Amino acid sequence: MADKAQARAQASRLLEQFLKAGAVEVTPDILQPAEALLDLYGEDIRARAYVTADPLRGEMMLRPDFTVPVVQEHMANGAEPARYAYAGEVFRRQDHRGPARANEYFQAGFEIFDRADPEAADAEVFALFAGLLAKLNLSATIGDMGLLRAAVDGLDTLPERKAALARHIWRPKRFQHLLARYSGQVEVPKARADLLTGQRSGAPWIGLRSREEMEARIATLAADAAAAPIPTDAVAAMGKLAELRCAADQAPAALRALNIVAIEPAIARLEKRLDALATRGIDLAAITFDASHGRSTMEYYDGFVFTFTAADPALPPVASGGRYDALTRQLGQGREIPAVGGVIRAGLMSDLEAQA
Amino acid sequence: MSEAMIKLGVPSKGRLMEKTFDWFAQAGITLKRTGSEREYAGAVEGAEGVQLVLLSAGEIPRELAAGRIHLGVTGSDLVREKLADWESQVADLAPMGFGHADLIIAVPACWSDVDSLEDLDAAAHRFRATHGFRLRIATKYHRLVREFLTREGVADWQLVDSQGATEGTIANLTAEAVADITSSGETLRANHLKILSDGLIHQSQATLFASRAADWSGQESRLAGLAQQLGLPAPTL
């Protein structure tokens, strides 16, 4: 195992390469306000980050990643376009044992904020990482969350259903459950049926949630019950899309074969990205395309996603990243900018170099 | 002398202690408190080299994890809540058939539109949009509730800590839902709450656990003998 000094030196070398690639160094604080992170990740972040308290600034977290503070800094006072780089420790609480479970490790990262040509920016980040990791014989996997999002958006059904599905794209179990419900594949539970025939509880009203809030939801449920189910062939196509896995150069044809009209613009963007990667010398036949890549682990990415992994399945990815346009909207208070980036685990990279 | 004994941790009072004593008595092992009513000392008859340690049920998981006791009786809910990666720290030797309690999620009974986790998730999403913060669930079982809701894909909730009188938090407007232990459901009903139809997180009961961290050297045959006496397979630690 690389010791801390080796990991730090590796992170510094990576930072230097990122600066050569045109980035400006940013140095976010280790102590981050908990609120923005909780807002973004939900309660689950408490299981993964160290929480502490400051008497004046309230609840704080030991930085679990750099992306959120980098986006905040850019949205507050960044000029466009911008390329940022950073190197330093991140902290992850671990509830389970195992080699992949370091709770403190060095990351070096590179982020591009640029409106001009998102697919070119995607390819720039990926090619930069591929070059830095070239000696390690890693396997690369790419995906695109934009495809599933477009497929959901293209469903011929109620906007409320589409919104609920889009909200749960990153939670496959709940997503499948809702899809089965909206397509009539699971029976309406008795409680729901009773509710829609007008049955109400006689219990006294308690709590902050109001009767009006309940009635508003019941109206939505009634509209849902009256709407036609999502056709089963659309559900089947969605399932095939989620399961699609092939060599990256085969991906556009395989996606078109699914005959989902709504994803055509997303396929065109994927093709543009693949062309940009090929232009930068990336061998597309050697990369895996996985339409569900990062779906349950890389939550704020909403477009292109990628990882570089070593052969040992017990190891975490050596590098990972993706596009997070929606995150900039969420943290930008009314402003937004397309953004893509990624991180390399410096210590793990040193370990693999020592083995190579 | 106590160095060479198997230390058995047992809840120090109440029904849980009595039932534990009964359970061991069925195997011909007599556990008893010695000294005055207020003194936490005990004795074991009918099993060689076993020392009784009387402890608060809530402290037994921690003592097992630290290896300060070899065996311990406590609720399966407490072990899962208090010990990270619990199976790597203790071995589950035997469910004991008493101390049953369910960890469940409950919401106001007046919420006619909420019967399942699917409903809770949808209501939480609207609640957050309306009130500007995530739906609050009061509990003292943070790990179990968080893991359950994450696994089930429920979003837009937050946990608020409640170490007692949890069922009252909703009427007091400090939470919208609760996750708590119930056996008969009476306290829930009295507080106008109902259990979600798929809101069962864990069915707890008193369980005999063995510590993986304790020093078992020289105790192997004694443990095997004790297991045999209790009618249990020989544990692998």
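Two strands pair if DSSP finds at least two bridges between them. This definition is needed throughout the tour, which concerns a predicted model.

**Stop 1: two partner residues in chain B**

Select Ala138 of chain B and then Val160 of chain B. Val160(B), in strand S9(B), is the bridge partner of Ala138(B). Add Ile137(B) to the selection, and its bridge partner in S9(B) is seen to be Leu159(B). Now display the whole of strand S8, residues 135–139 of chain B. Strand S8(B) and strand S9(B) run parallel and are joined by 5 bridges.

Ile137(B) should be kept in view, since there is a further partner to find. In strand S10(B), the bridge partner of Ile137(B) is Ala177(B). Strand S10 covers residues 177–182 of chain B, and 2 bridges pair S10(B) with S8(B) in the parallel sense. As a general point, the strands of a sheet pair through backbone hydrogen bonds, in either a parallel or an antiparallel manner.

**Stop 2: the surroundings of strand S8(B)**

Is strand S8(B) largely enclosed or open? Of its 5 residues, 5 are buried, so S8(B) is largely enclosed by the rest of the structure. Colour the two faces of the strand separately. One side carries Leu135(B), Ile137(B) and Thr139(B), the other carries Arg136(B) and Ala138(B), and all of these residues are buried.

**Stop 3: the sheet and its helices**

Extend the selection to the complete sheet. In chain B, 5 strands form an open sheet in the order S9-S8-S10-S7-S11, and the pairing is mixed. Strand S9(B) and strand S11(B), residues 193–204, are the edge strands, each of which pairs on one side only. On average, neighbouring strands of this sheet are turned by 25° against each other, direction ignored.

Next, show helix H5(B). This helix packs on the sheet and touches S7 (101–108), S8, S9 and S11 of chain B. The direction of H5(B) makes about 115° with that of S11(B). Then follow the chain from S8(B) through helix H6(B) to S9(B): these three elements make a right-handed β-α-β unit.

**Stop 4: chain B as a whole**

Zoom out until the entire chain is visible. Chain B has 8 helices and 12 strands, and its C-alpha trace spans about 65 × 35 × 25 Å along the principal axes. Of its 237 residues, 43% are buried. Among contacts in chain B with a separation of 6 or more, 67% are between residues 24 or more positions apart.

Colour the chain by domain. The domain assignment gives domain 1 as residues 2–100 + 205–229 and domain 2 as residues 101–204 of chain B. The centres of these two domains, taken over C-alpha atoms, are separated by 32 Å. Their contact takes 8 residues from domain 1 of chain B and 9 residues from domain 2 of chain B. Which helix gives the most to the domain 1 side of this contact in chain B? Helix H3 of chain B, residues 76–82, does so, with 4 residues. By class, this side of domain 1 has no nonpolar, 5 polar and 3 charged residues.

**Stop 5: where the chains meet**

Display both chains together. How many residues does each chain give to the contact? Chain B gives 34 residues and chain A gives 31 residues. On the side of chain B, the elements that give two or more residues are helix H5 (117–131), helix H6 (142–151) and strand S9 (157–161). Helix H5(B), already seen packing on the sheet, gives the most to this side, with 9 residues. The side of chain B that touches chain A divides into 14 nonpolar, 11 polar and 9 charged residues.

**Stop 6: chain A**

Finally, hide chain B and select the sheet of chain A. This open sheet has 9 strands in the order S1-S5-S6-S12-S11-S10-S7-S9-S8, with mixed pairing. Its edge strands are S1 (24–25) and S8 (245–247) of chain A. Strand S11 (319–323) and strand S12 (339–345) of chain A pair in the antiparallel sense over 5 bridges, and Arg323(A) has Val340(A) in S12(A) as its bridge partner.

Add helix H1 of chain A, residues 4–20. Helix H1(A) packs on the sheet, touching S1, S5, S6 and S12 of chain A, and its direction makes about 5° with that of S6(A). Helix H4 of chain A, residues 67–77, also packs on the sheet, where it touches S5, S6 and S12 of chain A.

Key:
Residues are numbered from 1 along each chain as its sequence is written. Chains are lettered from A and ligands numbered from 1 in the order in which they are written. This is a predicted model: local features need pLDDT of at least 70, side-chain atom pairs count only at pLDDT 80 or more; totals for chains, interfaces and linings use all residues. A residue is buried if 20 or more other C-beta atoms lie within 10 Å of its own, exposed if 12 or fewer, and partly exposed in between; C-beta atoms are placed from the backbone. Two residues are in contact if their C-beta atoms, placed from the backbone, lie within 7 Å. Domain bounds come from an automatic or database domain assignment. Ala, Val, Leu, Ile, Met, Phe, Trp, Tyr, Cys and Pro count as nonpolar, Asp, Glu, Lys and Arg as charged, and the others, Gly among them, as polar. Axes are lines fitted to C-alpha atoms, for helices over the stretch in contact, and angles run from 0 to 180 degrees between N-to-C directions. A crossover is right-handed if, with the strands pointing away from the viewer, the path from the first strand over the helix to the second runs clockwise.
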